[in-house]
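Hello,

Here is the structure for you to look over. My notes on what was found follow below it.

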Amino acid sequence: GQTRGATVEQIRAFQAAISGLPRSWWRWDGSTREQLAAAGNKATRTVPLAEYQAVLARAESAEHKLAQIRNIILDGRQNP
């Protein structure tokens with residue numbers, strides 16, 4: 001989930017909908033104290049935006065490489 005741009009009511013509704021399921025929140029920057037409280041923020045460390053973006057770029061690169069590998073494998077199956 002993301003608190004940024006969500007109302008406190010939306011955050012509470014999301015929390016209620018997923019009940020005891022595991023959850024993950026990101027993009028705390030720009031969130032109000034009320035939004036953080038509604039999300040149950042118990043984070044002891046926030047991640048700077050630049051660090052988040054760097055990790056996201058690495059993940060997107062890995063996703064691209066995996067798609068290329070998938071295409072190579074599928075091409076090999078279609079053209080033995």
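**Contacts of V8**

Setting aside neighbours within four places in sequence, V8 touches E34, Q35 and A38. Please keep in mind that this is a predicted model. V8 sits in helix 1. V8 is buried, at a relative accessible area of 18%, because the cut-off for buried is under 20%. That cut-off matters for the core below. The C-alpha atoms of V8 and A37 are 8.8 Å apart, with the two positions 29 residues apart along the chain counted as their separation.

**Overall layout**

The chain has three helices and zero strands. Read from the N terminus, the order of elements is α-α-α. Helix 1 covers residues 8–18, helix 2 covers residues 33–39, and helix 3 covers residues 49–78. Of the 80 residues in the chain, 15% count as buried. The accessible surface comes to about 6400 Å². Carbon and sulfur atoms hold 56% of that surface. Now take the contacts with a separation of 6 or more: 57% of them join residues 24 or more positions apart.

**The core**

Which residues make up the largest nonpolar core? There are six: A6, V8, I11, W28, A38 and A39. Helix 1 and helix 2 are the elements that each give two or more residues to this core. In soluble globular proteins, nonpolar side chains tend to be buried together. V8 belongs to this core, and A38, one of the contacts of V8, belongs to it as well.

**Q35**

Is Q35 buried or exposed? Q35 is buried, with a relative accessible area of 8%. That follows because the value falls under the 20% limit. Q35 lies in helix 2. Leaving out neighbours within four places in sequence, the contacts of Q35 are T3, G5, A6, V8, I11 and G30. Among them, A6, V8 and I11 are also members of the core. The side chain of Q35 has a polar atom 2.7 Å from the backbone nitrogen of T32.

**E34 and R12**

E34 is another contact of V8. E34 is found in helix 2. Unlike Q35, which is buried, E34 is exposed, at 53% relative accessible area. The reason for the label is that exposed means over 50%. E34 and T3 are 31 residues apart along the chain. Their C-alpha atoms are separated by 10.0 Å.

R12 lies in helix 1. R12 counts as exposed, at 51% relative accessibility, because the limit is over 50%. How far apart in space are R12 and A39, C-alpha to C-alpha? The distance is 7.0 Å, for a pair 27 residues apart in sequence. A39 is one of the core residues.

**A patch on helix 3**

L66, I69 and I73 form a nonpolar patch on the surface. Together they have about 290 Å² of accessible area. I69 is in helix 3. I69 counts as partly exposed, at 44% relative accessibility, because that value is between the limits for buried and exposed.

**Where to look**

Please start with V8 and its contacts E34, Q35 and A38. Then turn to the patch of L66, I69 and I73.

Best wishes

Notes
Residues are numbered from 1 along each chain as its sequence is written. This is a predicted model: local features need pLDDT of at least 70, side-chain atom pairs count only at pLDDT 80 or more; totals for chains, interfaces and linings use all residues. Side-chain values use heavy atoms; hydrogens and water are left out. Helices (H or I, at least four residues) and strands (E, at least two) are DSSP runs, numbered from the N terminus. Buried means under 20% relative accessible area, exposed over 50%, partly exposed in between (1.4 Å probe, protein chains only). A polar contact is a pair of N or O atoms within 3.5 Å; within protein, one must be able to donate a hydrogen and the other to accept it, and residues adjacent in sequence count only if both atoms are side-chain atoms. Contact means heavy atoms within 4.5 Å. A nonpolar core is a set of buried Ala, Val, Leu, Ile, Met, Phe, Trp, Tyr and Cys residues joined through side-chain atoms within 4.5 Å. Accessible areas come from the Shrake-Rupley method with a 1.4 Å probe; for residues, only the protein chains shown count as cover. Patches are made of residues with over 30% relative accessible area and no salt bridge: like charges are joined within 9 Å, nonpolar side chains (Val, Leu, Ile, Met, Phe, Trp, Tyr) within 5 Å. A salt bridge is a side-chain nitrogen of Lys or Arg within 4 Å of a carboxyl oxygen of Asp or Glu.
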